[in-house]
Amino acid sequence: MTGGLAANLPALVWLLDYGSVLVFALTGALVASRLQLDPVGFIFMAVMTAVGGGTLRDLVLGRDAVFWVDRPSLVLLAAGAAMLVFWGAHLLDSRARWIRWLDALALAAAVPAGVGVALEAGVSPVVVVIMGVFTGTFGGLMRDVVGNELPMVLKQGELYVTAAFGGAVAAVLLIWLGLDRTLAVAACGAVTLVLRLGSMAFGWQLPVYRPRPPRR
């Protein structure tokens, strides 16, 4: 049974890649709608957001082919999502709110995708965690910087990078405790989602730095 689950890890990563690309692309296109861009601008923002984190992951890990180069259908999926938003964004009551909630779902798919790819590459647990965080956060960071918005990763009082980090660490710890890698990657997504949604809905946060007057 364990061997069968382990064999499912590539399939799970494949699904997570497609899921994260689709939802991140929607957020990129929604930002493009706020900027009132043309269709090409929509596609640019959607594709950049969708593949940014995974591209960085694959380049750092030195994979033979970046994931969307190996599967161009991912780019077509992101472009299709961009056009869907181009024609339908006006139907949404609050695009800013949709961006935040969709981004949380995308984060919960991209972090375990990064963890799964790193596990398949056989790198150390520290690198597994870093790849999970990179994959989950860099696409959205690029979207917000190019869109001239405050990056979600830098918003005070919210768990974003912390949610990605927590999910990736949870996967590594569960594997260390003997859990199958496929189940650990799935748990990674669940932990990431719970932390991010908990922060958004209930104000979960870590203590932040407070400057103090210098001592004399």
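This report covers the fold, surface, annotated spans and three residues of one predicted chain.

The model is predicted: local features need pLDDT of at least 70, side-chain atom pairs count only at pLDDT 80 or more, and totals for chains, interfaces and linings use all residues. Residues are numbered from 1 along each chain as its sequence is written, and side-chain values use heavy atoms, with hydrogens and water left out.

## Overall fold

The chain has nine helices and zero strands. Read from the N terminus, its elements run α-α-α-α-α-α-α-α-α. The radius of gyration is 18 Å, close to the 17 Å that the globule rule gives for 216 residues, so the chain is as compact as a globular protein of that length. That radius is taken over C-alpha atoms, and the globule rule is 2.2 Å times the number of residues to the power 0.38. Helices (H or I, at least four residues) and strands (E, at least two) are DSSP runs, numbered from the N terminus.

Along the principal axes, the C-alpha atoms fill a box of roughly 60 × 50 × 30 Å. Contact means heavy atoms within 4.5 Å. Among contacts between residues at least 6 apart in sequence, 78% join residues at least 24 apart.

## Surface and charge

Buried residues make up 45% of the 216 residues. Buried means under 20% relative accessible area, exposed over 50%, and partly exposed in between (1.4 Å probe, protein chains only). The accessible surface of the chain comes to about 11000 Å². Carbon and sulfur atoms hold 68% of that surface. Areas come from the Shrake-Rupley method with a 1.4 Å probe; for residues, only the protein chains shown count as cover.

The chain carries 15 positive and 12 negative charges, and their mean positions are 14 Å apart. Lys and Arg count as positive and Asp and Glu as negative, while His and the chain ends are not counted. Each charge is placed at NZ of Lys, CZ of Arg, CG of Asp or CD of Glu.

## Annotated spans

An unreviewed UniProt entry lists "transmembrane region" at residues 12–33, 40–60, 72–89, 101–119, 158–177 and 183–206. UniProt also places "domain: Glycine transporter" (unreviewed entry) at residues 15–87 and 101–174. Such annotations may be inferred rather than shown by experiment. The table gives computed values for some of these spans.

| Span | Helix | Strand | End C-alpha separation |
|---|---|---|---|
| Residues 12–33 | 100% | 0% | 32 Å |
| Residues 72–89 | 89% | 0% | 25 Å |
| Residues 15–87 | 85% | 0% | 26 Å |
| Residues 101–174 | 77% | 0% | 27 Å |

## Three residues

Threonine 27 is found in helix α2 (residues 9–34). Its relative accessible area is 0%, so threonine 27 is buried. Beyond its neighbours within four places in sequence, threonine 27 contacts Thr49, Ile99, Leu102, Asp103 and Arg143.

Threonine 137 sits in helix α7 (residues 125–146). At 6% relative accessibility, threonine 137 also counts as buried. Leaving aside neighbours within four places in sequence, its contacts are Leu107, Val153, Tyr160, Val161 and Ala164.

Phenylalanine 86 lies in helix α5 (residues 73–88). With a relative accessible area of 27%, phenylalanine 86 is partly exposed. Phenylalanine 86 touches Leu37, Asp38, Pro39 and Phe42, not counting residues up to four places away in sequence. Valine 51 is 35 residues from phenylalanine 86 along the chain, and their C-alpha atoms are separated by 19 Å.
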